[in-house]
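Dear colleague,

I am passing on the structure we spoke about, together with notes on what turned up when I went through it. Please read them beside the model, and let me know where you would like to look further.

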Amino acid sequence: MSKNSKLNILILLFLGTTVFYPLVTMLFQVDWSTFSTLINSSAFKESMHNSLLSTSIATVISILVAYLLAYALNRTDIKHREVLKVLITVPMLIPSISHGLGLINLFGTNGIITRFIHLNIIGPVGVVLGSLLYSAPVAFLMFNDGFNYIDNNMYHTAKVLGFNKWQTFKKVTLCYMLKPILSAAFAVFTMIFTDYGVPLVVGGKYITLPVFLYKEVIGLLDFSKGTLIGLFLLIPALISFLFDLLVEDYSDGEYMNSGIEVDNKIINILLKIFVYFILIFIAVLFGSFIYFAFVNNAVLDKTFTLKHFDYVISNGIGKYIFNSLFIAVAVSVFGTIIAYTAAYFTARKKGKLSHIIHILTITSLAIPGIVLGLSYTICFRKSFIYNTYIILIIVNIVHFIASPYLMAYNALQKVNQNYETVAKTCNISLIKIVLDVIVPCTKKTIREMLAYFFVNSMITISAITFLFNTRTMPLSLLINNYESSMMLGEAAIVSMIILMFNIVVKSAVYLIGRKEYRKNYVDSK
């Protein structure tokens, strides 16, 4: 057996053990006799109704907001658009539970804005608004990418043919953007439907299905009922996964940067106002963290203080920072190695084994974090890795591997396919050609993979909720502990720490890429 085959089998074993096996084990643990009792219970019906209603509303609003932002930044003469694009995605650098915390700071019973306009959003309104903050940046990135692949010459053709605005939208824009819009809608619906961070903080008595699962497992240790609830959370994720897998994108993939802009001055101005309104709201939300971190009491005593920092430090914040950084770095390194290796064999070494690896790797897209975490709890709770760093690292790799894998898969397909043939002819080892030629050709993608794993490992709460103990607890889970004790200043500090580390990593990736681009530009001269 060749080294390539051995490595393929190792990757297949890893994916089978960490993706397929836990889910199968979870299914075998289900007490199906309680299924009818569960779905007929008032608590389940209420939480399912709440989830479907709030998710549907939040998805529609999120898609509209994200599309308008992407349209404004690609079709108006707005200045500093690249900077604005980055700012719009900043909410992706904190946990979803922090979005709920920010809304509590602003619109809670004693929120900063509530005291002036007497608006309390605890309940369905808060869940929808928090979900919007959590999901819209993701949809925005998908739409922004979609706009890059529209053949703008088609707009000129439509104008010559006398098409009105609506006809142009149907015949041109939708032709290119229909797949991104539908993909974003499915992705956003799945994200919101399976998230428990936002509704746990701002939902109040408005219980959604993930919160129901969380309370059944954490509060009552009812793993069988939790598994049944988890199966319902899998449904939208599976539909989204199958859609992306089966539906073809009919755009031709051309990139035509001809600078088409909105020719209506009023609409142009309104779109720019909309962009800045969203950015101001994001800034105010993040500003609330700073405010609550530095005031003694946001309701009774607004004097400057460092007592929240003192409390956080005295309660061993360093240990939690170490846990998060250790897990995030390990996930980044090992996750990137596994994802890149898997992508190499599936993109450049075709075969049945490669096809199975490809399917198993992208299957993780269809598994919500809270369901994955529950399956790991059921599968590994009696093993030596339970409650250790090992299981937290593995579950994060599995949870986030699909997107970095697809990054590497797409990049490796674009690299000259003849390198291996040349290497074999010249008697150069495969490892040498990969390390010396193919890796340097894809180093930008590798940096993005490392950053993706790191950022998501720092902010995740869903996949690791059931898998930690006091020794291995990551920083993100402290937010819920502090918020539930109404220690909003301390929770705000933790959110800012996570944001700071993620900004540092994202900035480092950007600066390295910019330095490399300048170097290549100078060399080409």
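**Enclosed space**

The largest cavity holds about 50 Å³ of space, and it is one of two cavities of 30 Å³ or more in the structure. Please keep in mind throughout that this is a predicted model. The walls of the largest cavity are formed by Ser51, Ser54, Thr55, Val127, Ser131, Ile192, Phe193, Asp195, Pro199, Thr208 and Pro210. By character, this lining divides into five nonpolar residues, five polar residues and one charged residue. At least two lining residues come from each of helix H3 (42-75), helix H7 (124-147) and helix H9 (165-194), and H3 makes the largest contribution, with three residues.

The second largest cavity contains about 40 Å³ of space, and its lining consists of Ser324, Ile327, Ala328, Leu392, Asn396, Ser457, Ile464 and Pro474. Two or more of these residues are supplied by each of helix H15 (317-348) and helix H18 (389-400), with H15 providing the largest share, three residues. In this second lining there are five nonpolar and three polar residues, and no charged ones.

**Overall make-up and the nonpolar core**

Taken as a whole, the protein has 24 helices and two strands, and 51% of its 525 residues count as buried. When contacts between residues at least 6 apart in sequence are considered, 82% of them join residues at least 24 apart.

In soluble globular proteins, nonpolar side chains tend to be buried together. In this model the largest nonpolar core has 157 residues, and those with the most contacts inside it are Phe143, Leu209 and Leu475. The element that gives the most to this core is H15, with 14 residues, and H15 is also the helix with the largest share of the lining of the second largest cavity. Setting aside residues up to four places away in sequence, Phe143 touches Ile63, Ala66, Tyr67, Ala70, Met177, Pro180, Ile181 and Ala184.

**Two buried positions and one helix**

Which residues does Ile78 touch, beyond those up to four places away in sequence? They are Ala72, Leu73, Leu84, Lys272, Val275 and Tyr276. Ile78 itself sits in the loop between H3 and H4, and it counts as buried because its relative accessibility is 4%, where the limit for that label is under 20%. The C-alpha atoms of Ile78 and Ile273 are separated by 10.0 Å, although the two residues lie 195 residues apart along the chain.

Ala411 belongs to helix H19 (residues 402-414) and, at 15% relative accessibility, it also counts as buried. If its neighbours within four places in sequence are left aside, Ala411 is in contact with Thr442 and Thr445. Between the C-alpha atoms of Ala411 and Lys443, which are 32 residues apart along the chain, the separation is 9.7 Å.

I also checked the length of helix H16 (residues 352-363): its twelve residues, at 1.5 Å a residue, should span 16 Å, and its end C-alpha atoms are 17 Å apart, so the two values agree. The buried residues of H16 are Ser354, Ile357, His358, Leu360, Thr361 and Ile362.

**Two backbone angles to look at**

Two loop residues may deserve your attention when you inspect the backbone. His80 has a positive phi of about 55 degrees although it is not a glycine, and it is found in the loop between H3 and helix H4 (81-88), the loop that also holds Ile78. With a relative accessible area of 60%, His80 is exposed, whereas Ile78 is buried.

Met486 likewise has a positive phi, of about 60 degrees, and is not a glycine. Its place is in the loop between helix H23 (476-484) and helix H24 (488-524). Met486 is classed as exposed because its relative accessible area is 58%, the limit for that class being over 50%.

With best regards

Definitions and conventions
Residues are numbered from 1 along each chain as its sequence is written. This is a predicted model: local features need pLDDT of at least 70, side-chain atom pairs count only at pLDDT 80 or more; totals for chains, interfaces and linings use all residues. Side-chain values use heavy atoms; hydrogens and water are left out. On a 1 Å grid over the protein atoms alone, a cavity is a set of points where a 1.4 Å probe fits but cannot get out, and a pocket is an open set with protein on both sides within 12 Å along at least five of seven lines; lining residues have an atom within 4 Å of a point. Grid points are joined across faces, edges and corners, and a volume is the space filled by probe spheres set on the points. Helices (H or I, at least four residues) and strands (E, at least two) are DSSP runs, numbered from the N terminus. Ala, Val, Leu, Ile, Met, Phe, Trp, Tyr, Cys and Pro count as nonpolar, Asp, Glu, Lys and Arg as charged, and the others, Gly among them, as polar. Buried means under 20% relative accessible area, exposed over 50%, partly exposed in between (1.4 Å probe, protein chains only). Contact means heavy atoms within 4.5 Å. A nonpolar core is a set of buried Ala, Val, Leu, Ile, Met, Phe, Trp, Tyr and Cys residues joined through side-chain atoms within 4.5 Å. The expected span of a helix is 1.5 Å times one less than its number of residues.
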